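Biologist: Please place the model before us, so that we may go through it by question and answer.

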Amino acid sequence: ESRLSEDILIDFDANADATDVLIYPNPSSGLVTINLEGVNNISTEICLIDLSGKMIQSTTVFDNQVELDYSNLAKGFYILQITNGEKVITKKLIIE
């Protein structure tokens, strides 16, 4: 599992077109809207990862907009890894 954690952090792609995805509010108290308007309308996997690289939650969505409830999480910084086909977009999420 530690190898998986390293891979997730190493694969961070700052060059991905992150403007295709809007996450709000960010910082959030837990309820987060993810707008995928710029992403192909096929299944999209949204993985929530903590800063140690541990996957906290994985959700597959088929809509261009989804509301996820992360209110059960500890306050802090998280990573949202959004995979749509071959495209992977990584965004930071702050839970207050």
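**Strands, sheets and selected residues**

Modeller: In this predicted model, leucine 22 has asparagine 35 of E2 as its bridge partner.

Biologist: How many bridges join E1 to strand E2, and in which sense do the strands run?

Modeller: Strand E2 covers residues 31–35. It runs antiparallel to E1, and the number of bridges joining the two is three.

Biologist: Which strands stand at the edges of the open sheet that contains E2?

Modeller: The open sheet is formed by three strands in the order E1-E2-E5, with antiparallel pairing. Two of its strands have a single partner strand each, so one side of each lacks a neighbour in the sheet. Neighbouring strands here are turned by 20° against each other on average, direction ignored. The edge strands are E1 (22–24) and E5 (65–69).

Biologist: What is the order of the elements from the N terminus on?

Modeller: The secondary structure of the chain consists of one helix and seven strands. The helix comes at the start of the order, which reads α-β-β-β-β-β-β-β.

Biologist: Which residue is the bridge partner of leucine 80 in E7?

Modeller: Strand E6 (76–84) pairs with strand E3 (residues 44–50) in the antiparallel sense over six bridges, and leucine 48 has leucine 80 of E6 as its bridge partner. E6 is also joined to strand E7 (residues 87–95) by nine bridges, again antiparallel. In E7, the partner of leucine 80 is lysine 91.

Biologist: Which residue in the turn between E6 and E7 has a positive phi?

Modeller: E6 and E7 form a hairpin with two residues between them. A positive phi of about 65° is found in the turn at glycine 85.

Biologist: Is threonine 59 buried or exposed?

Modeller: Threonine 59 lies in strand E4 (residues 55–61). Beyond four places in sequence, its contacts are with Thr44, Glu45, Ile46 and Leu68, and its side chain makes a polar contact with the side chain of glutamine 57 at 3.3 Å. Its relative accessible area is 16%, and because the cut-off for burial is under 20%, threonine 59 counts as buried.

Biologist: Is lysine 75 buried or exposed?

Modeller: Lysine 75 is located in the loop between E5 and strand E6. Not counting residues up to four places away in sequence, lysine 75 touches Ile95 and Glu96. Its relative accessibility is 70%, and because the exposed class begins over 50%, lysine 75 counts as exposed.

Biologist: What distance separates the C-alpha atoms of lysine 75 and serine 28?

Modeller: The two residues are 47 residues apart along the chain. The separation of their C-alpha atoms is 9.5 Å.

Biologist: What share of the contacts with a separation of 6 or more comes from residues 24 or more positions apart?

Modeller: The chain has 96 residues, of which 39% are buried. Its accessible surface comes to about 5700 Å², with 49% belonging to carbon and sulfur atoms. Among contacts with a separation of 6 or more, the share from residues 24 or more positions apart is 55%.

Biologist: Over which residues does pLDDT stay under 50?

Modeller: The average pLDDT of the chain is 83, and 79% of the residues score at least 70. Where pLDDT is low, predicted coordinates should not be read in detail. The model has 13 contacts beyond four places in sequence for the stretch in question. The stretch with pLDDT under 50 is residues 1–16.

Conventions:
Residues numbered from 1 in each chain as written. Predicted model: local features only at pLDDT ≥ 70, side-chain atom pairs only at ≥ 80, totals over all residues. Heavy atoms only, no water. pLDDT = per-residue confidence, 0-100. Contact = heavy atoms within 4.5 Å. Helix = DSSP H or I, 4+ residues; strand = E, 2+ residues; numbered from the N terminus. Buried < 20%, exposed > 50% of the residue type's maximum accessible area, 1.4 Å probe, protein only. Polar contact = N/O pair within 3.5 Å; in protein donor to acceptor, adjacent residues only side chain to side chain. Pairing = 2+ DSSP bridges. Axes fitted to C-alpha atoms, helices over the stretch in contact; angles between N-to-C directions. Areas by Shrake-Rupley, 256 points an atom, 1.4 Å probe, with all protein chains shown as cover.
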